[in-house]
Amino acid sequence: MLELDRISFSVDEDGQEKDIIEDISLTIPDNKLVVITGPNGGGKSTMARLIAGIEKPISGRILFNGTDITQMSITDRAKMGIGFAFQQPVRFKGLQVLDLIRLATGRQITVAEACKYLSAVGLCARDYIDREVNASLSGGELKRIEIATILAKGSSLSIFDEPEAGIDLWSFQNLIEVFENMRRSIRGSSILIISHQERILNIADEIVVLRDGKIAAQGPREEILPTLIGTTSMMPACGKADPGAPKSETETGKGEQQA
Amino acid sequence: MIRQLDEIQKRLLREVADLHKVPEGAFNIRSNGESAGRASTANIEITPKENGSGLDIRIKPGTKNESVHIPVVMTQSGLTELVYNDFFIGEDADVIIVAGCGIDNCGPKDSEHDGIHRFYVGKNAKIKYVEKHYGSGTGTGKRILNPGTEVYMEENSTMEMEMVQIKGVDDTDRTTTAELAAGAKLVVRERLMTHGQQRAISSYVVNLNGEGSSADVVSRSVARDDSYQKFDAKLLGNAACSGHTECDSIIMDHGRILAVPGLEANNVDAALVHEAAIGKIAGDQIIKLMTLGLTEQEAEEQIINGFLK
């Protein structure tokens, strides 16, 4: 179980302090699939990064299975059982898909074992196991490999930051199946997905709507989903983003140039 | 026949030539300036030069699936040597040549091996050349390696060169030149890591003289601590040919790298491309591996190991 207790986070923007997350308290119970949704710029990705330890809150506490992890490193949180799938998966020159899966499991697993994780995300394992995780892979392929690393890691809390971002419709169909399968074998773990997609919201146990750094709504899917239809918090699988909405990190192309 | 080698010499042989025992096929093992063992085969003849300055290696035309090992190990501090090895590769041959030099210097004096390798590659011959350099030892004397490689390629010959220097060489000045006739193909894969106060310079001059010749020279390198590297690759397109050179580097700590890719097109049908990128390890790469449970240091090691694989 994950508990956020009065978490706040802000960034310095042109000398001005800008609040991204304001005094949020939230519980992600065991055996639940929770989807966080809401308009772009509402603080969703930041919340995921705070949980994984990539960012540290300016105030508040984060408890994981009763332990205060607020000041813990990314590594220690990962070892405790938090998995995090990046919105924009990272490319590595030279590292092969097999290497990455082995690092995720923390063991020198056999090629056959590693292939199971690739098959689970709909990739023909034989074609990918020796591939380098570099620019030769498409956005959809990278995204599936990223999800395979999370499956291989086997976390008790798996966080997915906009798993649908940057992938084509065909891959998206497959992605839904992956999450449906995860949903079926959730026992003893929990899944947190950040998403705008109706089909992902459809498999949620609970939905949290984040807007302007605050929780705008929260509750069981049956209660929250009907209020979201047709808003910018949600879009159908082949819908277009609201052109007036602020750009996400993906679109603004943040990040360093890879060596 | 092979002379008894001590444990350090055996370790160096493993590092530079993956040799755990006497190799099959033709070989010459040079240890502290002398031959410690040599063998020729029916198709590959290794003979010392008359003036003792090195070896002539003659590979008969049509020789297939054979290998030549000519590793060098040095464990004597203060030894400096200059060796010329000439390879005469007959037409249609298809062989693997493994060279490499390991220096273990536990003394106060510099140890230096300068090896000049000349390859005369016959028509349609296919060569894979592997050269590894390695240094170890706790002495204050430097471990210096200055390899010079000259490649002369006849029509439709192919040469693939794998040059690796990952650890322990304090100072290296490597020059490689190649002359390619029509249809000849040269592929170079260089991997280099420097640390401490090390300095490594690697220069290439490739003349694409014949129609349809091609060259692909790619270097991947990592400069750590206070080390310095210079990669200088020049391709000259003197005919209808294609050439590509790439330098891809990671800098860490106070490492410095100078990449000087050079292209010279002397023919309107020469197609030449260069790429060069130098940067630190991307923060996202480290964070991704940390989210899999690796420490920052373990993540860096994995990224570098993969990069230089």
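Select A:Asp12 and A:Glu17: A:Asp12 stands opposite A:Glu17 in strand β2 (residues 16–28) of chain A. Strands here, like helices, are DSSP runs numbered from the N terminus, with E over at least two residues for a strand and H or I over at least four for a helix. This is a predicted model, in which local features need pLDDT of at least 70 and side-chain atom pairs count only at pLDDT 80 or more, while totals for chains, interfaces and linings use all residues. Residues are numbered from 1 along each chain as its sequence is written, chains are lettered from A, and ligands are numbered from 1 in the order in which they are written.

**The sheet of chain A**

Step to A:Val11, whose bridge partner in β2(A) is A:Lys18. Widen the selection to the two strands: nine bridges join β1(A) to β2(A), and the strands run antiparallel. Two strands count as paired if DSSP finds at least two bridges between them. Between β1(A) and β2(A) there are two residues, and the strands form a hairpin. In the turn, A:Asp14 has a positive phi of about 50 degrees.

Now add strand β4 (residues 59–64) of chain A, which is joined to strand β1 (residues 2–13) of chain A by five bridges, again antiparallel. A:Leu2 is the residue to pick here, as it stands opposite A:Phe64 in β4(A). With β5 included, the open sheet has four strands in the order β2-β1-β4-β5 (chain A), and the pairing is antiparallel. β2 and β5 (67–68) of chain A are at the edges with a single partner strand each, so one side of each has no neighbour in the sheet.

**Chain A overall**

Show the whole of chain A, which has ten helices and ten strands. Of its 259 residues, 42% count as buried (20 or more other C-beta atoms within 10 Å of the residue's own; exposed is 12 or fewer, partly exposed in between; C-beta atoms are placed from the backbone). Among the contacts in chain A with a separation of 6 or more, 70% are between residues 24 or more positions apart; a contact means C-beta atoms, placed from the backbone, within 7 Å.

Colour by pLDDT, the predictor's confidence in each residue from 0 to 100. Chain A has a mean of 86, and 89% of its residues reach 70 or more. Confidence in chain A is highest in β4(A), at 97, and lowest in helix α10 (residues 249–252) of chain A, at a mean of 39. Over residues 237–259 of chain A, pLDDT stays under 50, and the model has 36 contacts beyond four places in sequence for this stretch.

**A:Ile147**

Centre on A:Ile147, in helix α6 of chain A. Is A:Ile147 buried or exposed? A:Ile147 counts as buried, because 25 C-beta neighbours lie inside 10 Å. Leaving aside neighbours within four places in sequence, A:Ile147 is in contact with A:Ala85, A:Val121, A:Pro163 and A:Val178. A:Val178 is 31 residues from A:Ile147 in sequence, and their C-alpha atoms are 8.9 Å apart in space.

**Where the chains meet**

Show both chains: 24 residues of chain A are in contact with 26 residues of chain B. On the side of chain A that touches chain B, α2 (74–80), α3 (97–105) and α6 (139–153) of chain A each supply at least two residues. α2(A) gives the most, with four residues. By class, this side of chain A has twelve nonpolar, seven polar and five charged residues (nonpolar: Ala, Val, Leu, Ile, Met, Phe, Trp, Tyr, Cys and Pro; charged: Asp, Glu, Lys and Arg; polar: the others, Gly among them). The predictor gives the complex an ipTM of 0.87 and a pTM of 0.83.

**Chain B**

Chain B averages a pLDDT of 92, with 98% of the residues at 70 or above. Among its elements, helix α1 (residues 7–17) of chain B has the lowest mean pLDDT (80), and strand β12 (residues 148–153) of chain B the highest (97).

Go next to B:Asn156, in the loop between β12 and β13 (158–167) of chain B. B:Asn156 is not a glycine, yet has a positive phi of about 60 degrees. B:Asn156 counts as buried because 20 C-beta neighbours lie inside 10 Å.

Finish at B:Asp225, in the loop between β17 (214–223) and β18 (228–237) of chain B. B:Asp225 also is not a glycine and has a positive phi, of about 50 degrees. With 13 other C-beta atoms within 10 Å, B:Asp225 is partly exposed.

Note on methods:
Two residues are in contact if their C-beta atoms, placed from the backbone, lie within 7 Å.
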